[in-house]
Each structure stands twice: as structure tokens, then as C-alpha cells.
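Q: I have a model open and want to learn how to read it feature by feature. Can we start with a single strand and work outward?

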Amino acid sequence: MMSRQQPITSIMRALRNMGHEAGMYPVLLEEIGGDGEGAEEEKKLKEYLKANRLDMVIANIFAPAVAQATHELGIKFALYGMDSPMYETYLPVFPRYDNCYLFFFDRKEYELAKQKGYTNVYYMPLAADVTWTEQLVITDEEINKYSCDMSFVGSLYSDNVYDRYLDRFPGNVQRFFTEMMEKSAFQWDGRDRLGECLTPELAALVKNTCPELYTRPYELSDEYYLKGYFFGRKLTHIERALLLQLLAEQYDIHLYTRNDDIVPEGIRRFPEISQTNGAFKVFYSSKINLNITLRSIESGIPMRIFDIMSVGGFVLTNYQEEISDLFAEGKEIVTFKTPEELIDKADYYLKHDTERINIGINGYKKVKNCYTYEHQLRKIISILFPSP
């Protein structure tokens, strides 16, 4: 089991709690390379896999070298991704490996992979690590430190490729890009307005103007790739920055973000915070935990929501199509489709403590009963190793 992200520790803990032997490979997936790169690390990986006689390797990012090594040794490789799209799974190497199993948390990306003819692909929502969070110790002093009307933990994507390359385009194209953003921003009703604006001709223009964006041979349409990577991150930046600025005019907002993020005036900024250095204490202490989903996640529910719910935090999030499949609106989670609805609901739940607290408790009960890592891993293992 290997990855650089914190959730892989939760996966390992869950497997052990389920009675399996599990360990973590000591080298980051990114260092193992592939296609001739990192040959020494690839050799060490194969030796490790042989020596430990593994039944399964599970990761949350895809590495071609791992897929190849497990394929050669007859070991099943499960990818339980935390990002969407999982771009590396669209490298030409992937379809050759029938030992690889992909688990997408975004149903639309799952459907895309099926349409492309990929086998061994499944839809699997993300999970909450309630085993770990139930052991969370938080003092009254820490509650006072992190307490606020509303918090947001995450990147503003102020450093994005759109802004880096925008000056390469003529003024009329820049104006068209602006119109695309204006048509798409601050509306979360399930309609793909950004995708509707992307034509093959526009995608070809961006590709010819910014060839550096295409260093990896992903088997994706240029329109799909640009929607998520080029335009989607910029749109996310606009939405997160302006919504937080709007909320800060009325409420006590705490933003925990990267040091290189450019934060609008009026927002109380705090250093980036992770699962291991206090994020769950923020989720527990904040009256409202805000989620504004990265635009490349088309229909799925991001990890932030499961993390907040794992400590009984109240979630106020933009609408995503799959939320109604997993959670009860107004009982376990609260959604908004416009900035006006966000303001109305923030105001209401800040004035109704009992309702807000009960929704947080109900959200916690739902993830504990239905969406722990143990729940999801049992499903994954049953797919990889079906009963006779």
C-alpha cells in the first residue's frame, strides 16, 4: 500500500482493523517513475512485492510502474482515487493491465471510463475515518481558538494555469473566456455550462497557443481536459475567493489555506492546516463548515465533506448531483445552488443552534453507519476477490 496522501493511512488502519495484514511502501509513488524513468526504484518495488507475497496493492494515485510491476507478478492493484479526474489513469498504458481495478468517487467520471471501454472500473464514494476521529482530543482552549461562524479549509487556486497563460491570447479571445466564466460561475444546479461553451475549435486554439499543457499523452478529449484543468481551476478560484469575501462582510470567517494563495481583503487568513495538525479540530469547532467543490469534480462528493462529517461538523456545501443519493438534505447536510441561497441558509443556521447541531450529529451517524473506510474496503475486496 503506497501513496503520499493522508487517506492512505486511514486505509491501512481500516485494513488492520478488519483483520488483514497491511503495510505502507516507504517510497512515494511519484518517485517510482515509469516508461524507463526511475529504473532503480522500479527494481526495488518489484523486489518488495516479491518478498512480501502480497495479495493486493491499493493506492489513491495511479503510477504506471506500479501497474506494470503488479501485472507482471500477478498481484491485483486497486486504485481508490481521492481526486477527479484521475488524469494518470488515462495514460495509454493503463488499459493493458487487467489486474488493475479503478474505483471512481465521481459517477460522471466512472461513466466516462466505461464509455472509453475500460474494464474493471467501479463507482465508489469516498469514506470517513471515524475510528481515528473518535480518538480526537480537543481542549476548551482549542475550541475557543478554532471557533468561528464559518470556516473553509482548502486552496483558493490563485496560482492556476489559466492566469499563467492568459496573456498569450488576443483580446477578443480573453473577452470570450471572461464571458464563459460569467455564464458558468456561482450556479450549482447540475448543468455543465462550462462544457457547453467548449467547442473543438476553441480547444484546438488553446492547445496550439499553450502546447506546454500537453506534456502527458492522456487519452482524453481536449475539451474535457481543458474544462477541468485549464478553465475549471480558474472558475474554482473565482467562486471560492468571491464567496468568501462576500461572507466575510457579514460573518466571522476563518480561511485555512496555502501560503502562496492570494487572499482577498477582509478575509481572516490562517496557515494551511492538515488532518495531522488540526483540520479536524477546525471542523469540530466551527459553527458552519463550508464546502465549495473544485469544478473538475462534476457530480461526486469531495473528501472535505466526509472529513467534516467524521467529527460531527455541520456541512454547508454547493449542490452536487450525488449528494441526494448519499445524504438527506436538511437532515444530514445542507446545500445551496446560488450565492443568495448560501447567504440565506448561513444566516438561518447561525440563528438556529439546535437544528444546526442535530444536522451535524446526523451527518456523523450516516458516515459512521454507511461510509467508513471499513465499509468501502469490504466492497472493494469483494470485487477483487469474489466469493465462489
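Q: Which way do the side chains of strand 5 point, and are they buried or exposed?

A: In a regular strand, side chains alternate between the two faces of the sheet. In strand 5, Met150 and Phe152 point one way, while Ser151 and Val153 point the other way. All four are buried. Buried means under 20% relative accessible area, exposed over 50%, and partly exposed in between, with a 1.4 Å probe and protein chains only. Helices (H or I, at least four residues) and strands (E, at least two) are DSSP runs, numbered from the N terminus. This is a predicted model: local features need pLDDT of at least 70, side-chain atom pairs count only at pLDDT 80 or more, and totals for chains, interfaces and linings use all residues. Residues are numbered from 1 along each chain as its sequence is written, and side-chain values use heavy atoms, with hydrogens and water left out.

Q: Which strands does strand 5 pair with?

A: Strands of a sheet pair through backbone hydrogen bonds, either parallel or antiparallel. Here two strands pair if DSSP finds at least two bridges between them. Strand 5 (residues 150–153) runs parallel to strand 6 (residues 253–257), joined by four bridges. Phe152 has Leu255 as its bridge partner in strand 6, and Val153 stands opposite Tyr256. Strand 5 also runs parallel to strand 8, with two bridges. There, Ser151 stands opposite Asn289.

Q: What is the strand order of the sheet that holds strand 5?

A: The order is 7-6-5-8-9-10, an open sheet of six strands with parallel pairing. Strand 7 (268–271) and strand 10 (334–336) each have a single partner strand, so one side of each is left without a neighbour in the sheet. Neighbouring strands are turned by 25° against each other on average, direction ignored. Axes are lines fitted to C-alpha atoms, for helices over the stretch in contact, and angles run from 0 to 180 degrees between N-to-C directions.

Q: Where does helix 15 lie?

A: Helix 15 (residues 339–351) lies across strand 5, strand 8 (288–291), strand 9 (315–318) and strand 10. Helix 15 runs at about 150° to strand 10. Contact means heavy atoms within 4.5 Å.

Q: What is the order of strands 1 to 4 in their sheet?

A: Four strands form an open sheet in the order 1-2-3-4, with parallel pairing. Strand 1 and strand 4 (121–123) are the edges, each with a single partner strand, so one side of each lacks a neighbour in the sheet. The twist averages 20° from one strand to the next. Strand 3 (residues 100–104) pairs with strand 4 over three bridges, in the parallel sense. Leu102 has Val121 as its bridge partner in strand 4. Helix 3 (residues 64–73) packs on this sheet, touching strand 1, strand 2 and strand 3, at about 150° to strand 2. Helix 4 (residues 107–115) also packs on the sheet, touching strand 3 and strand 4, at about 160° to strand 4.

Q: Which residues of helix 1 are buried?

A: An α-helix has 3.6 residues a turn, so residues three or four places apart point the same way. In helix 1 (residues 7–17), the buried residues are Pro7, Ile8, Ser10, Ile11, Met12, Ala14 and Leu15. Their cover includes strand 1, strand 2 (76–80), helix 13 (303–309) and helix 17 (373–384). Gly19 follows helix 1, with a positive phi near 95°.

Q: How many cavities does a search of the whole structure find?

A: Rolling a probe the size of a water molecule over the atoms shows where empty space is left. A cavity is a set of points, on a 1 Å grid over the protein atoms alone, where a 1.4 Å probe fits but cannot get out; lining residues have an atom within 4 Å of a point. Grid points are joined across faces, edges and corners, and a volume is the space filled by probe spheres set on the points. The search finds two cavities of 30 Å³ or more. The largest cavity holds about 330 Å³ of space. Its lining has 25 residues, and Arg191, Asp192, Arg295, Ile297 and Glu298 lie nearest its centre. Helix 11 gives the most to that lining, with five residues.

Q: Is Thr236, in helix 11, buried or exposed?

A: Thr236 has a relative accessible area of 0%, so Thr236 is buried. Leaving aside neighbours within four places in sequence, Thr236 is in contact with Tyr157, Thr293, Leu294 and Arg295. The C-alpha atoms of Thr236 and Arg295 are separated by 5.8 Å, though the two are 59 residues apart along the chain.

Note on methods: On a 1 Å grid over the protein atoms alone, a cavity is a set of points where a 1.4 Å probe fits but cannot get out, and a pocket is an open set with protein on both sides within 12 Å along at least five of seven lines; lining residues have an atom within 4 Å of a point.
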